[in-house]
Amino acid sequence: MGAPLLQVENLTMHYHTRAGDVSAVDGVSFTLSEGESLGLVGESGCGKSSMAATLLRLLPDNARVSSGRVRLGNVDLLRLPEAEMRRVRWRRISIVFQAAMNSLNPVHRVGDQIVEAIHVHLPDMQDEAARARVGELFQLIGLDPALADRYPHEFSGGMRQRAIIAMALACNPDIIIADEPTTALDVIVQDSLLKSMRRFQNQLGMAMIYISHDMAVIAEVSDRVGVMYAGRLVELGTTEEVFLEPIHPYTRALMSAFPSVTGEKRELATLPGEPPDLLHPPGGCRFHPRCPNRIEPCSREAPPWQDFGGGHFAACWNPIDLPQRHQA
Amino acid sequence: MEAKQPLVQVESLRKLYPVEAGLFCKTDSWIHAVDGIGFEIGRGESLGLVGESGCGKTTIGKLLVKLVEPTSGSIFLQANGRRIDVAGLRGKELKAYRREVQMVFQDPYESMNPRRTIYDTVAEPLAVQRVGSVAEREERVAEMLSLVGLTPPASFLFRFPHELSGGQRQRVAIARALIVQPSFVVADEPTSMLDVSIRTGVMRLMGDLARRLDVTYLYITHDLAVARYMCDRIAVMYLGKIVEIGASEEVLHNPLHPYTRALLSAVPIPDPRQRRPEVNIKGGVSRPIDPPPRCRFYERCPIAAKVCEENNHPPLEDKGDGHAVACYRV
């Protein structure tokens, strides 16, 4: 793995609402290396999308970043003037949303829309070159370049999602953030899109942050995995470490609740309760009301984010001990 | 499974939808949403209907609860010792049928009236069916809410849907479907909008209730792993046809149809040590508009041969123990 490309330190963000402040991202820290694929997994409302939006400063007006740094090289993105931030988006970091496939303009040819986007971000590029670039991008993402002359309604959902990803790759960014890009797709289409994404990511040496609620998808696309719960990162490590030797009880609960089509049919675990309301997050560890490993300090004090060895991080007062971890 | 009368019997069921050609134009193209399907569901059994979007699985669900009328074919339900032909039901008989057959929808946010309290929502089927007095209904609703795990019921009765979480809403939807004590419930992706940590609880609840209240499910889902946990048997659909049907573990461990194999190998595995086999399928999704008289899967099939093109779509053929497959090449 290459040098750290992106360093996120103690990122904290809340949404200001009439009912009070919603603590959406709380003290999240991680690094992303060159060419690495980092998977972020968590349930809806755990703050994974808000976190991604914070990195790119694509937040609604009622969001406030109260602390933290997002360092891309030597620059703190949170302190960059908006005009310069605009040059970071797309050229350095681009993002693909789940619903993005519905954002193509129906009355323009798909290729023209990508050319237009290229012109906006790289005004020096000639029209001819931009068209050639679209052809390259289509090939990279597994679309026939001839399809550039078609309209969005002639594309299936999977093809539209590919076109959107092609657009995100147009300026050859260092980092692509993919927020649930395959969630609305059928499994066979998802499989082929995931393969294409892994392929171009390796080919271009691009770093990727892949956000999903699906543990299985995360297991397949990520080099490292971060698990989020109620606005906080609770565990972070290599995919093998997190899946085979989880430290945090939430990680283990999430995995044992996940049904699989392969292997022995085992009992699925049920977690008591529901994720907390982030208007009034529980004190101490936010997972403590649902945690089977709960001990005395859990409700009082938030556990520190610590390295359990070799860059396998977690925030837990009473982690799953090693022999038990091997069974999980 | 005992060899008694099945609860639900479906025979050569078809549903065609016209393709919109434009105002004042006559349509002569048809979408074959459900195209000659037959299956049976035994009492107390649950059958999973799996397939990709657009394969017709939801249409089958709607046909069974009589939200849409079939183009042809028949549906029979065993109720009160009689075999009812669902097609001819009108008036009173139809109302009685609705008491036997209920539906749970995918989206708990869309399938409830936001202006009505939980009590109103759950009690409505009782009011429609004119069951019991108001006091009795209140008691039944409270009982049902505690049965689906919304306890204490008194704290939920007069709340509104927006005050509940997705998991709680889906529990309300289940309570509403089960309050008239139906024998058969069509559940259309009931857990696909729910998060993992909530989903298992709802799945388990549906399984428990099926046993306790003697309910039979048709469980519609795109997720093979969920079907494995919820269903005794699985039917795999492709473009309006059932291509494979059999006991869940049997279909998953020993898939016979090339489509089932492709579908299974495309499901990601939540274990970084395991590698999946390559997904063996050609092309993109086709649509069932005026399909030519050959195997529906022909264009995408990795093992297609002449016989598949020259003959009609193959019939389901039993390969032993009720594991049936529709393929010339198996």
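How many bridges join strand β1 of chain A to strand β4 of chain A, and which way do the two run? The legends below start there; keep in mind that this is a predicted model.

**View 1. Strands β1 and β4 of chain A sit side by side.** To settle the opening question, 8 bridges join β1 (residues 4–17) to β4 (residues 63–72), and the two strands run antiparallel. For one spot to look at, try A:Glu9, which has A:Arg69 of β4(A) standing opposite.

**View 2. Zoom out a little and you get an open sheet of 4 strands in chain A.** Reading across, the order goes β2-β1-β4-β5, with antiparallel pairing. Now check the edges: β2 (20–33) and β5 (75–76) each have a single partner strand, so one side of each is left without a neighbour in the sheet. There's a helix here too: α1 (residues 48–55) of chain A packs on the sheet and touches β1, β2 and β4 of that chain. The direction of α1 makes about 70 degrees with that of β2(A).

**View 3. Two helices of chain A, α5 and α6, pass each other.** When two helices pack, people describe them by the angle between their axes and the distance between the axes. Here the axes of α5 (residues 157–169) and α6 (residues 187–204) of chain A come within 10 Å and cross at roughly 15 degrees. Angles under 35 degrees count as roughly parallel, so α5(A) is roughly parallel to α6(A). The crossing is right-handed. On the α5(A) side, look for A:Gly158, A:Gln161, A:Arg162 and A:Leu169; α6(A) brings A:Val189, A:Leu193 and A:Phe200. Sorted by class, that contact has 4 nonpolar, 2 polar and 1 charged residues.

**View 4. Here's where chain B meets chain A.** The contact takes 34 residues from chain B and 31 residues from chain A. On chain B's side, the elements giving two or more residues are α7 (196–213), α8 (224–230), α9 (248–253) and α10 (258–266). The largest share of that side, 6 residues, comes from α7(B). By class, chain B's side has 19 nonpolar, 9 polar and 6 charged residues.

**View 5. Last stop: B:Gln9, in strand β1 (residues 8–18) of chain B.** Is B:Gln9 buried or exposed? Somewhere in between: it has 18 C-beta neighbours inside 10 Å, so B:Gln9 counts as partly exposed. Leaving aside neighbours within four places in sequence, B:Gln9 is in contact with B:Glu40 and B:Phe76. You can also look for B:Asp318, which is 309 residues apart from B:Gln9 along the chain, with 17 Å separating their C-alpha atoms.

Terms used:
Residues are numbered from 1 along each chain as its sequence is written. Chains are lettered from A and ligands numbered from 1 in the order in which they are written. This is a predicted model: local features need pLDDT of at least 70, side-chain atom pairs count only at pLDDT 80 or more; totals for chains, interfaces and linings use all residues. Two strands pair if DSSP finds at least two bridges between them. Two residues are in contact if their C-beta atoms, placed from the backbone, lie within 7 Å. Axes are lines fitted to C-alpha atoms, for helices over the stretch in contact, and angles run from 0 to 180 degrees between N-to-C directions. Ala, Val, Leu, Ile, Met, Phe, Trp, Tyr, Cys and Pro count as nonpolar, Asp, Glu, Lys and Arg as charged, and the others, Gly among them, as polar. Angles under 35 degrees count as roughly parallel, over 145 as roughly antiparallel, 65 to 115 as roughly perpendicular and the rest as oblique. A crossing is left-handed if the near helix is turned anticlockwise from the far one by less than a right angle, and right-handed if clockwise. A residue is buried if 20 or more other C-beta atoms lie within 10 Å of its own, exposed if 12 or fewer, and partly exposed in between; C-beta atoms are placed from the backbone.
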